[in-house]
Amino acid sequence: MTAQNDLLSADLTMGTVMLKVGDMTMMSNYYQKALGLDIVAEADGGQYLGRGSTPLVHLQPAGGLHIPGRGEAGLFHTALLFNDQASLAATVATAAQYSPQAFAGSADHLVSEAFYFTDPEGNGIELYWDRPRDAWSWKNGEVEMASLALSPQHYLQQHLTEESVVGQRQSAADIGHVHLQVGDIKTAEQFYVNTLGFEKTSGFHGQALFVSAGGYHHHMAMNVWNSSGAGPRKDTLGLGEVLIQLPGKDDVGSLHERLTHHNIAVANTGAEITFNDPWNNRIRVSVDSVQSAK
C-alpha cells in the first residue's frame, strides 16, 4: 500500500501524447480527417493536433526510424475521451468512413463505451465515453471492468445526430488515458504504483495493470498481451512521450524527490521533470497551466 503522501494528486490529468512519425502528411491527414482534430500549434517541424485550443496529439517527424515490432514495449493505445455519446459517435463515424480497415474493435467496459482504431503507422487509438462515476462498481478496492459486446452499427444508429456531425470539431475531447505495452506486470506495478504514486484500480491475471489518481478507473494501463518479456525500447517510430499534468509546482517537486529517492534518473528544468520507465517509455510531468491559473 502506497503511503498517502506518496500518492499523485487526485487532480492529475493526462496531457499531450507525442508520437514519432515517419510520414507527416499521411499521419496528419489521418488525425485531422479521421479523428476530427485541428492543428492548434506547430513547432520544430511538428504539429500539435487537438480540439479548440487543447492539444491532444503531438506529431513529431522522425524520418529514418522504423515501426516497432508487435512484441516490443511502447504504446498500446492513446485514448481520446469524449463528453457525451453523440460526440463519440460523430468521431467513430468519421474514423470508420475515412479508413474502414483501421477499425480494430469495440467494447462495453462497464465504466465506459469504447471503439478502437489503428493509425497508418500502427499506433493504437481508443475513442471512448465514460459512464457517470456513480454507475461504476468497486469490489475489494478495484473497479469492475469487462469487455462486453458493443455493436458499432447499433451505437451509431442510437447516438449519431446531425448536430454532432456538424459540430464535431467544436466538441471537446481530452486524453483520458494512455495504455502501454510492457515486459512484465510486476515491474510495472513497482514503478507506476510503488514509485510514481498512482493507485492500482484493477488487474487482469498478471497480464494487465490499471492505475489512476483520484478514483478514476484508469489514467494509465500496462499490459503484456503482445510484449511479455520485452526489454527496454530502442529508438523507433511510435510513442515519443507521455505527458502527465499535476496541479502545482509542489506536486511536481514532491514527485521529483520521490523518484530521486528510488534512484530514478530525472531531468529537471525547474518547470517540469522528465524520466523513463523501465522500458524506456519517456514520461514528462509538468504543472497543469489551467489548474494553476485557478
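## Strands, pockets and selected residues of a predicted model

S2 and S3 form a hairpin with two residues between them, and Asp 44 in the turn has a positive phi of about 50 degrees. The structure described here is a predicted model. The two strands of the hairpin run antiparallel and are joined by five bridges; Ala 43 has Gly 46 of S3 as its bridge partner.

**The open sheet**

The hairpin strands belong to an open sheet of eight strands with mixed pairing, in the order S2-S3-S4-S1-S15-S18-S17-S16. Strand S2 (38-43) and strand S16 (267-268) stand at its edges; each has a single partner strand, so one side of each lacks a neighbour in the sheet. Strands of a sheet pair through backbone hydrogen bonds, in either the parallel or the antiparallel sense. S15 and S18 pair in the parallel sense, over five bridges, and Leu 243 is matched there with Arg 284 of S18 as its bridge partner.

**The two pockets**

The largest pocket has a volume of about 950 Å³. Of the 46 residues that line the largest pocket, Phe 76, His 77, Tyr 116, His 179 and Trp 225 are the closest to its centre. At least two residues of this lining come from each of several strands, among them S5 (74-82), S7 (112-118), S11 (173-181) and S15 (238-246).

The second largest pocket has a volume of about 590 Å³. Its lining has 29 residues, and the closest to the centre are Thr 13, Met 14, Gly 15, Gln 245 and Asp 288. Strand S1 (13-21), strand S4 (54-61), S11, S15, strand S18 (282-287) and helix H7 (289-292) each give two or more residues to the lining of the second largest pocket. S1 gives the most, with five residues. The composition of each lining by class is set out below.

| Pocket | Nonpolar | Polar | Charged |
|---|---|---|---|
| Largest pocket | 18 residues | 21 residues | seven residues |
| Second largest pocket | 13 residues | eleven residues | five residues |

**Buried positions in strands**

Ala 173 is placed in strand S11. This residue is buried, because its relative accessible area of 3% is under the 20% limit. Not counting residues up to four places away in sequence, Ala 173 touches Arg 51, Leu 56, Leu 81 and Phe 82. The C-alpha atoms of Ala 173 and Leu 80 are separated by 6.3 Å, although the two residues are 93 residues apart along the chain.

Ser 212 lies in strand S13 (residues 208-212). With 1% relative accessibility, Ser 212 also counts as buried. Its side chain reaches the backbone oxygen of Tyr 216 at 2.6 Å. Leaving aside neighbours within four places in sequence, Ser 212 is in contact with Phe 198, Glu 199, Thr 201, His 217, His 218 and His 219.

**Helix H5**

Helix H5 (residues 185-195) has as its buried residues Ile 185, Ala 188, Phe 191, Tyr 192, Val 193 and Thr 195. An α-helix has 3.6 residues a turn, so residues three or four places apart point the same way. The N-terminal end of H5 is capped by Asp 184, with a side-chain oxygen 3.4 Å from the backbone nitrogen of Lys 186. Just after H5, Gly 197 takes a positive phi of about 110 degrees.

**Loop positions**

Leu 110 is found in the loop between S6 and S7. Although Leu 110 is not a glycine, it has a positive phi of about 75 degrees. Its relative accessibility of 35% makes Leu 110 partly exposed.

His 205 is found in the loop between S12 and S13. His 205, likewise not a glycine, has a positive phi of about 50 degrees. This residue counts as exposed because its relative accessibility of 70% is over the 50% limit.

Gly 229 has its place in the loop between strand S14 (220-223) and S15. Gly 229 is exposed, with a relative accessible area of 63%. From C-alpha to C-alpha, Gly 229 and Val 266 are 25 Å apart in space and 37 residues apart in sequence.

Conventions
Residues are numbered from 1 along each chain as its sequence is written. This is a predicted model: local features need pLDDT of at least 70, side-chain atom pairs count only at pLDDT 80 or more; totals for chains, interfaces and linings use all residues. Side-chain values use heavy atoms; hydrogens and water are left out. On a 1 Å grid over the protein atoms alone, a cavity is a set of points where a 1.4 Å probe fits but cannot get out, and a pocket is an open set with protein on both sides within 12 Å along at least five of seven lines; lining residues have an atom within 4 Å of a point. Grid points are joined across faces, edges and corners, and a volume is the space filled by probe spheres set on the points. Helices (H or I, at least four residues) and strands (E, at least two) are DSSP runs, numbered from the N terminus. Ala, Val, Leu, Ile, Met, Phe, Trp, Tyr, Cys and Pro count as nonpolar, Asp, Glu, Lys and Arg as charged, and the others, Gly among them, as polar. Buried means under 20% relative accessible area, exposed over 50%, partly exposed in between (1.4 Å probe, protein chains only). A polar contact is a pair of N or O atoms within 3.5 Å; within protein, one must be able to donate a hydrogen and the other to accept it, and residues adjacent in sequence count only if both atoms are side-chain atoms. Contact means heavy atoms within 4.5 Å. Two strands pair if DSSP finds at least two bridges between them.
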